[in-house]
Amino acid sequence: VIANVRTFEVTYAAKDADFDGCAIKKGDYLALDRSKPFGTNPDLDCLMNSIVDAAGEECGEFITIYYGCDVCEEEAEHICSLFTEKLPDAEINLMYGGQPVYYYMISVE
């Protein structure tokens, strides 16, 4: 059931803004949770660790990480390792999605 799927998108902020009460600074990484602001951070690892923690709270059994055209495979494998270290019981798949603008699109089921 699609209602059981939680999605995260990670992109960058092109300008300073306020989006649904979330202060966004130009150049920061920006995470969306089901298309709503989840958080921002200039450090991608910190932001991704917050997403990993949220995925763990969901008790996600299947996690798929799609990485975009601006991410090299080594960087994507590093991000994937953050998930596998904290969520060893989940089935985690890393896939090249090739999407522009979004560095990562993550599905948690």
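In this predicted model, Thr64 is buried, because its relative accessible area is 14% and the cut-off for buried is under 20%. Thr64 belongs to strand 6. Leaving aside neighbours within four places in sequence, Thr64 is in contact with Asn93, Met95, Met105, Ile106 and Ser107.

Strand 6 covers residues 62-67. Strand 6 is joined to strand 7 by six bridges, and these two strands run parallel. One of the paired residues is Phe62, whose bridge partner in strand 7 is Glu91. Strand 6 is also joined to strand 8, here by five bridges. This second pairing is antiparallel. Within strand 8, Tyr104 stands opposite Tyr67.

Strand 8 spans residues 104-108. Four of its five residues are buried, so strand 8 is largely enclosed by the rest of the structure. Strand 8 pairs with strand 1 as well. Five bridges join strand 1 and strand 8, which run antiparallel. Arg6 has Val108 of strand 8 as its bridge partner.

These pairings belong to an open sheet of six strands. The strand order is 5-4-1-8-6-7, and the pairing is mixed. Strand 5 (36-41) and strand 7 (91-96) form the edges, and each pairs on one side only. From one strand to the next, the twist averages 15°. Helix 2, made of residues 73-86, packs on this sheet. The helix touches strand 6, strand 7 and strand 8. The direction of helix 2 makes about 165° with that of strand 7.

A second threonine, Thr11, lies in strand 1, which covers residues 6-12. Thr11 is buried because its relative accessible area of 7% is under 20%. The side chain of Thr11 has a polar atom 2.8 Å from the backbone oxygen of Val101. Val101 is also among the residues that Thr11 touches, not counting residues up to four places away in sequence. The others in that set are Asp28, Tyr29, Leu30, Tyr102 and Tyr103.

The view now widens to the whole chain. Its secondary structure comes to two helices and eight strands. Read along the sequence, these elements follow the pattern β-β-β-β-β-α-β-α-β-β. The radius of gyration is 13 Å, close to the 13 Å given by the globule rule for 109 residues, so the chain is as compact as a globular protein of that length. Along the principal axes, the C-alpha trace spans about 40 × 30 × 25 Å.

Burial and contacts were also computed for the chain. Of the 109 residues, 39% are buried. Among contacts with a separation of 6 or more, 64% are between residues 24 or more positions apart. The accessible surface of the chain comes to about 6300 Å². Carbon and sulfur atoms account for 50% of that surface.

Note on methods
Residues numbered from 1 in each chain as written. Predicted model: local features only at pLDDT ≥ 70, side-chain atom pairs only at ≥ 80, totals over all residues. Heavy atoms only, no water. Buried < 20%, exposed > 50% of the residue type's maximum accessible area, 1.4 Å probe, protein only. Polar contact = N/O pair within 3.5 Å; in protein donor to acceptor, adjacent residues only side chain to side chain. Contact = heavy atoms within 4.5 Å. Pairing = 2+ DSSP bridges. Axes fitted to C-alpha atoms, helices over the stretch in contact; angles between N-to-C directions. Rg over C-alpha atoms; globule rule 2.2 N^0.38 Å. Areas by Shrake-Rupley, 256 points an atom, 1.4 Å probe, with all protein chains shown as cover.
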